[in-house]
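Here is a short note to read alongside the model. Keep the structure open and find each place as you reach it.

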Amino acid sequence: MPAILSLDFLTGLFSFLLTLMILSYLIGDNPAFRIAVYLFVGVSAGYAAVIAWHQVLWPMLFVPLLTGTFGERLLTVIPLLLGVMLLMKLSHHTTRIGNVAIAFLVGVGAAVAVGGAVLGTLFPQTAAAVNLPSLGDAFASLGTDNTASVRLIKGLFILLGTVSTLIYFQFSAKATPAGPRQGKLVQIGSWVGQVFIAITFGVLFAGVFVAALTAMIERINSLVQFTTQLPTLF
Amino acid sequence: MTDQRCPMCGKPSPEDQDTCQFCGARLKPLTASTPVDSQPIHPGERPTKRDTAEFEKVRQADPGSIPAGEAPTRKNTAELEQALPAWLRTIREGEHANQSSEEESPGASLPLERKPAAAAIPDWLSGLNQAAEKNEEVPDWLSGLRPETSDQEAAQPVDAEREMPNDPASTEWMSRLGQEVRGETPDKKPTAPLPSAEPSSPGAGLPDWMQALAPAAQPEPAPGGELPDWLGASASDGMQELEWPSNAPEQIPDPASASRPAMSVPDETPADPAAGSIQAWLSDLPSVPPTSEDAPALPAEGVPSWIDQLRDKAIDPRQGQDPREADPAADWRPPAEPAKEPTRPIAEAGMPDWIAKLKPQTGGEQPGNAAVFDGGQDQPGSQAGETPDWLSNLKADVNAHQEEEAGLEQFEVAEAAPERKETGPLPDWLAGIQRPAEPAEGTPALISDAGSEPAEGRGAAFAMEAPDWLSKLKPEQEEEAAGKEPSEAARHDLESAELPSWVQAMRPVASVMDETKSLPQGQQEVEQSGPLAGLRGVLPASPGLGALRKPPAYTAKLQVSDGQQRYANFLERLVANEGDARNVSTRKSESGRIWRWAISGLLILVLAAALLLGGAVEPTSLQPSDQGAASTILAGLPQGASILAAFDYDPALSGELEAVAAPIFDQLLSNGARLTLVSTSPTGPLLVERFLKYTPLVNVHQVQSGIDANNLGYLAGGPAGIQSFADNPRLYFTSLKTPEGTNVWDTPPLAGIHSLADFTAVIILTDNADTARSWIEQAGPYLGDKPMLLIVSAQAEPMIRPYFDAGQIAGMVTGLADAKVYEQAYGRPGLAQVYWNPLSYGILTVEVFLLFGGMWSLLASLRERTNRPRKGS
């Protein structure tokens, strides 16, 4: 089989073309870009549907229902029923039937999310924020093991950033003849909070940029490699 | 000719019309000819005090008419006579009598002193002189006294003093009167209150005997020396027998002159004398000798001097002359008519001669006042014997005297009236007498029948009680009346008459016409609402309520200020324009596209160049972001460790994560770790396959499914699925089989795995902080002391760092930098090495762009700041 007809080449070629089609957005919205986007969305949706069937519905719902024991079948009846009720949302006349499934989903999701947020984020983060080393340990670790001091400094910095950021988002002010005015301390804290917020936004932007640039590098590398390997195929 | 206003529609109509030419309403009342603006006195009503300015309204349509109560023009002393108070009148009469006695024949020696003719001579006689000289037609009221005999009355000598009945039936009272006069005491005063006037219809409201005495257009020639017995007897006694007022003048003027002013009777005054007063003066009256051929002479021996004077005046050569012309000072007198013909004696059988002579005579214009006793005027058309000679002589005398006496004392009052008006001692009603001669509409003094000529009424009756109006009667006026419609003459006289309030009070109730439209046209209220809207003089619906009015209409408009209205309009426009599609400018920013092309092109060029050129990658001195914690953990993993790896990143960032995860998984696979791969994203399993097959450093290990790694597939349910999987992994993937058909839980990678804690480590590969948080929150509590490592994208690292700092995760590998470090540490170059140089050049390029853009923006802002004050200045 000629290499040009190999799957790799075709795949590479197809990838090369799609990449160029996506990069054509630089000159503006164009049909090539739209085709590439639509292909991506369509393929993604189709693949997801296949995955959902093959890895969720069939093995977890229909197989137990068909070949499982009584207990397994009984257990699968409930999700089957909820699934059917959820499908009732498609019709205007039966949409109220799907409210039960929606309510189950919303309830379970909220519970999991709230529990995880509280137990997995709020408490540990709070504990980690307050679990600062003492000043004595911090000063003692200076010069040797800067862990405690560093942690202390880091904690103080975190505290300052957190408080100043919250102060920045405090928009209440005192009414004065010259207009609404905030206190001096509030103004200073707000200014510090602006600094922290600006730094945070900068870091986030940098991370996004680096990630995007890395992705671009990968695509360009792919193009370059395909281009360089193309002559060898012929 | 002045127009008259219709009482219904208010539109002007010619004065000679009886009905309105627009609406057809009657302009002249049938019962009385009071003008539209006349103000009738209702029974029990108090007379209204009127402004003398209203005298201006007295119109004098016919110069020959003598409207009663007229503004005291010098022409019409009879009107003034009426307006004058009684005491003043007596004074004038006395003066006039004295003057007349000086000029007249010796026979005209009045027994009584009548120097102030106005004061001595009764009121009804005071205007005789005026009436004899007037050229005006007989007042309507007088002419209306005998409306059916208008022609006859016109020929009668104008009776300025009273109207004499012409019919035999009316002579009865005269005969009775004569009898009574003979028996009257001389103490009785001849003065009598003036009756109310009805100028429009001379005969309206008058007794029959008055109506018979229609004012004559021309003064009848004085009858030839025939006096009734009673009058002759009294004349022989002289004027001393006459009862004159105490303030009677010394000299009794001649009858003509004395009677002219003194007997000037306004036309409005109807001939309704009191019998007692008539009797008094009749008994004292001497016989009036006839004068000239024009005026029938009265027996000289039995005629008082004043009567003789009257007679002489009647034949005065200036009869034909307008007394106003002859006497400029007498402008206040009614216009005198041409020379009147002497009154003719009354020759009817059964009627005293003197009464018969008082009949109005028909004829043309006659000068002088239309005095009843105008004996100097000739009435061709008058009925013979209708007016006594003495009466006609009186009339003639009055006319003659008026013509030659320009500044007669009897006219002093009238002359003084303007003076008084100027100086102000006179009351307003008298001061206004000297107003212009143009008469305006006024309240008629005499309500006469419609169609009755003033001339007809004059001389028709001998009114003892109404001297003033009687003086207006002239024989010549009868002729005018004969040629006119009675209603017109009466209308002229009555319309223009203006009565003072005290005269109105004396008007008999019967003579008051039922004129509802008595208010002047201008004073009447116009109905504003209801079915009678637009009409004048409408009676109110009920006393005290006044005119009906529409309820006030309150505006429903919102009271807003200008500023509020502007805001409201602005809001309205906003709401209205809300649904309007706005034309979005499709103009593209050319500068933005160029800059985008430039930057992207340059960046691609740099990256491509870096990738093509390659180059040595300098070892990095960077430390891992987690300070090597992940590497430590990885280094401490035993051989064949079961590693649970979750590939939860999007295909877009697969290039970065594949480059970052490659050295880690290379290390793991190199250590014989068995991988269990799962993903919470539907595309995760596909990415797992790609990672294991196509990623450098990993693909060399040629991971086999079911032996080296098990791909569990898609983990549905999001956080709940993670939590469920973390709780019981086997339960979640119960019937999962390998491609060979083997249960995955029976494969070596998952052998002995019942919970999440059975895994040696959990590695989460994600580009999303939320996904990482979900794994941390849901699966972390189920790990126990097993480490959880996160391989995250550079964009998610800031959000996941707190979890590493909090100790919830054991290690983090972030971005390409950590990958390079790990590759460098492991000594196995991978994608990180390939991507490192382009990444560095790319970052450098972007940094240059950022720096250049920042400086450009700073310079632009500085330039704008400096230019702003310049523009403002």
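**Notes on the two chains**

1. Let's begin with one small residue. Ala101(A) is buried, with a relative accessible area of 3%, and because the cut-off for buried is under 20%, Ala101(A) counts as buried. Please keep in mind that this is a predicted model.

2. Where does Ala101(A) sit, then? Ala101(A) belongs to helix α4 of chain A, which covers residues 99-130. Leaving aside residues up to four places away in sequence, Ala101(A) touches Leu82(A), Met85(A) and Leu86(A). Take Met85(A) as an example: Ala101(A) and Met85(A) are 16 residues apart in sequence, yet their C-alpha atoms are 6.1 Å apart in space.

3. Now step back to chain A as a whole. Its secondary structure comes to 7 helices and 2 strands. Read from the N terminus, the order of elements is α-α-α-α-α-α-β-β-α. Chain A has 234 residues, and 22% of them count as buried. If you take the contacts in chain A between residues at least 6 apart in sequence, 30% join residues at least 24 apart.

4. Next, look at where the chains meet. How many residues of each chain are in contact with the other? The contact involves 48 residues of chain B and 37 residues of chain A. Between them, the two chains bury about 3,600 Å², and 73% of this area is on carbon and sulfur atoms.

5. There are charged and polar links here as well. The count between chain B and chain A is 1 salt bridge. Glu218(A) and Arg690(B) form a salt bridge, with their closest N and O atoms 3.8 Å apart. For polar contacts, the count between chain B and chain A is 9 residue pairs, both residues being at pLDDT 80 or more.

6. Which parts of chain B supply the side that touches chain A? Several elements each supply at least two residues, including α25 (590-613), α28 (684-694), β9 (709-714) and α34 (831-872) of chain B. The most comes from α25(B), which gives 9 residues. By type, the residues on this side of chain B divide into 32 nonpolar, 10 polar and 6 charged.

7. Helix α28(B) deserves a visit of its own. In α28(B), the residues Gly684(B), Pro685(B), Leu687(B), Val688(B), Phe691(B) and Leu692(B) are buried. Why do they lie on the same side of α28(B)? They cover an arc of only 160 degrees around the axis, and this places them on the same side of the helix. Lys693(B) and Tyr694(B), on the other side of α28(B), are exposed. The cover over the buried residues of α28(B) includes α2 (31-67) of chain A, along with β7 (642-648), α27, β8 (674-679) and β9 of chain B.

8. Finally, try helix α26 of chain B, residues 629-636. Here Ala629(B), Ala630(B), Ile633(B) and Leu634(B) are buried. Seen down the axis of α26(B), these buried residues fall within an arc of 130 degrees, so they line one face of the helix. Turn to the other side of α26(B) and you will find Thr632(B), Ala635(B) and Gly636(B) exposed. The buried residues of α26(B) pack against α27, β11 (788-792), α32, β12 (811-814) and α33 (815-826) of chain B.

How values were computed. Residues numbered from 1 in each chain as written. Chains lettered and ligands numbered in written order. Predicted model: local features only at pLDDT ≥ 70, side-chain atom pairs only at ≥ 80, totals over all residues. Heavy atoms only, no water. Contact = heavy atoms within 4.5 Å. Buried area = accessible area lost by both parts, 1.4 Å probe. Salt bridge = Lys/Arg side-chain N within 4 Å of Asp/Glu carboxyl O. Polar contact = N/O pair within 3.5 Å; in protein donor to acceptor, adjacent residues only side chain to side chain. Helix = DSSP H or I, 4+ residues; strand = E, 2+ residues; numbered from the N terminus. Nonpolar A, V, L, I, M, F, W, Y, C, P; charged D, E, K, R; others polar. Buried < 20%, exposed > 50% of the residue type's maximum accessible area, 1.4 Å probe, protein only. Arc of directions from axis to C-beta.
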